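Visitor: I have a few short questions about this model. Please put it on screen, and we can go through it.

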Amino acid sequence: PQRAPAATETPAAVVPAAIPPAAMAPPDTSRVEEVLRRYARAYDSLDAGAARAVWPSVNEKALASAFQDLSSQTVSFDNCDIDVRGAVANASCSGQQSYVVKVGDRAPRTEPRLWRFELRRDGDAWTIENAEMRRPASSASYRDR
């Protein structure tokens, strides 16, 4: 008589093949990532109009004024956690902002940053509804308590 396989044995044909991470990303997540890349490119090029294209409610005049104080800027996201729920999405990104001011100490500065984005989908197009950037909390403030 043939022996039945033990409960812990799994035939190789039953094990699912690994799915590459890119194939697992839903289309909306990819579209949100593209909006975040366009946001970063707008800030990199100091282009308030391009920022407004992905963030329609931004104060374009105030942003353009802030950009006038900079010679250059680079925004880079190291990691973004994106949560899409229907027609809304939230993204939390960590990364760096590097910039050079036009007046004063013109040495390049690179500082860690955290961003929080609220996005909304209209049809297939995603836009930023709100964006906040801040410096990460210093570990010293927690250590000193």
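Guide: Here it is. This is a predicted model.

Visitor: How many disulfides does the structure have, and which cysteines are joined?

Guide: A search of the whole structure finds one disulfide. Such a link is a covalent bond between the sulfur atoms of two cysteines. Here the S to S distance is 2.1 Å, and the pair is C80 and C93.

Visitor: Which strands does that link of C80 and C93 tie together?

Guide: The two cysteines are 13 residues apart, and the pair links distant parts of the chain. C93 sits in strand β2, residues 88–101, and C80 in strand β1. The strands are therefore β1 and β2.

Visitor: Is the link of C80 and C93 right-handed or left-handed?

Guide: Look at the angle about the S-S bond. For C80 and C93 it is 115°. The link is right-handed.

Visitor: Which class, buried or partly exposed, does each cysteine fall in?

Guide: Buried means under 20% relative accessible area. C93 has 2%, so C93 is buried. C80 has 25%, so C80 is partly exposed.

Visitor: Is E111 buried or exposed?

Guide: E111 is in strand β3. The cut-off for buried is under 20% relative accessible area. E111 has 19% relative accessibility, so E111 counts as buried.

Visitor: Which side chains make polar contacts with that of E111?

Guide: One polar contact, of 3.1 Å, runs to the side chain of Y99. Another, of 3.5 Å, runs to the side chain of R135. The partners are Y99 and R135.

Visitor: What does E111 touch beyond four places away in sequence?

Guide: Both polar partners, Y99 and R135, are among the residues touched. The others named are G95, Q96 and Q97. The list is G95, Q96, Q97, Y99 and R135.

Visitor: How far apart are Y99 and E111, C-alpha to C-alpha?

Guide: Y99 lies in strand β2, and E111 in strand β3. In sequence they are 12 residues apart. Their side chains share a polar contact of 3.1 Å. C-alpha to C-alpha, the distance is 8.8 Å.

Visitor: Is Y99 buried or exposed, and what is it in contact with?

Guide: Y99 has a relative accessible area of 13%, under the 20% cut-off, so Y99 is buried. Its neighbours within four places in sequence are left aside here. Y99 is then in contact with L70, S72, Q73, A107, P108, R109, E111 and R113.

Visitor: How much space lies in the largest pocket, and which residues are closest to its centre?

Guide: About 190 Å³ of space lies in the largest pocket. Its lining has 14 residues. The closest to its centre are Y43, L63, Q73, Q97 and M133.

Visitor: Which elements give two or more residues to that lining, and what is its make-up by class?

Guide: Two helices contribute, α2 (27–44) and α4 (60–68). So do two strands, β1 (70–85) and β4. By class, the pocket lining has 11 nonpolar, two polar and one charged residues.

Visitor: How many cavities of 30 Å³ or more are there, and what lines the largest?

Guide: The structure holds one cavity of 30 Å³ or more. About 30 Å³ of space lies in the largest cavity. Its lining is R116, F117, E118, N130 and E132.

Visitor: Which element supplies the largest share of that cavity lining?

Guide: β3 (109–122) and β4 (125–134) each supply at least two residues. By class, the lining has one nonpolar, one polar and three charged residues. The largest share, three residues, comes from β3.

Note on methods: Residues are numbered from 1 along each chain as its sequence is written. This is a predicted model: local features need pLDDT of at least 70, side-chain atom pairs count only at pLDDT 80 or more; totals for chains, interfaces and linings use all residues. Side-chain values use heavy atoms; hydrogens and water are left out. On a 1 Å grid over the protein atoms alone, a cavity is a set of points where a 1.4 Å probe fits but cannot get out, and a pocket is an open set with protein on both sides within 12 Å along at least five of seven lines; lining residues have an atom within 4 Å of a point. Grid points are joined across faces, edges and corners, and a volume is the space filled by probe spheres set on the points. Helices (H or I, at least four residues) and strands (E, at least two) are DSSP runs, numbered from the N terminus. Ala, Val, Leu, Ile, Met, Phe, Trp, Tyr, Cys and Pro count as nonpolar, Asp, Glu, Lys and Arg as charged, and the others, Gly among them, as polar. Buried means under 20% relative accessible area, exposed over 50%, partly exposed in between (1.4 Å probe, protein chains only). A polar contact is a pair of N or O atoms within 3.5 Å; within protein, one must be able to donate a hydrogen and the other to accept it, and residues adjacent in sequence count only if both atoms are side-chain atoms. Contact means heavy atoms within 4.5 Å. A disulfide is a pair of cysteine sulfur atoms within 2.5 Å.
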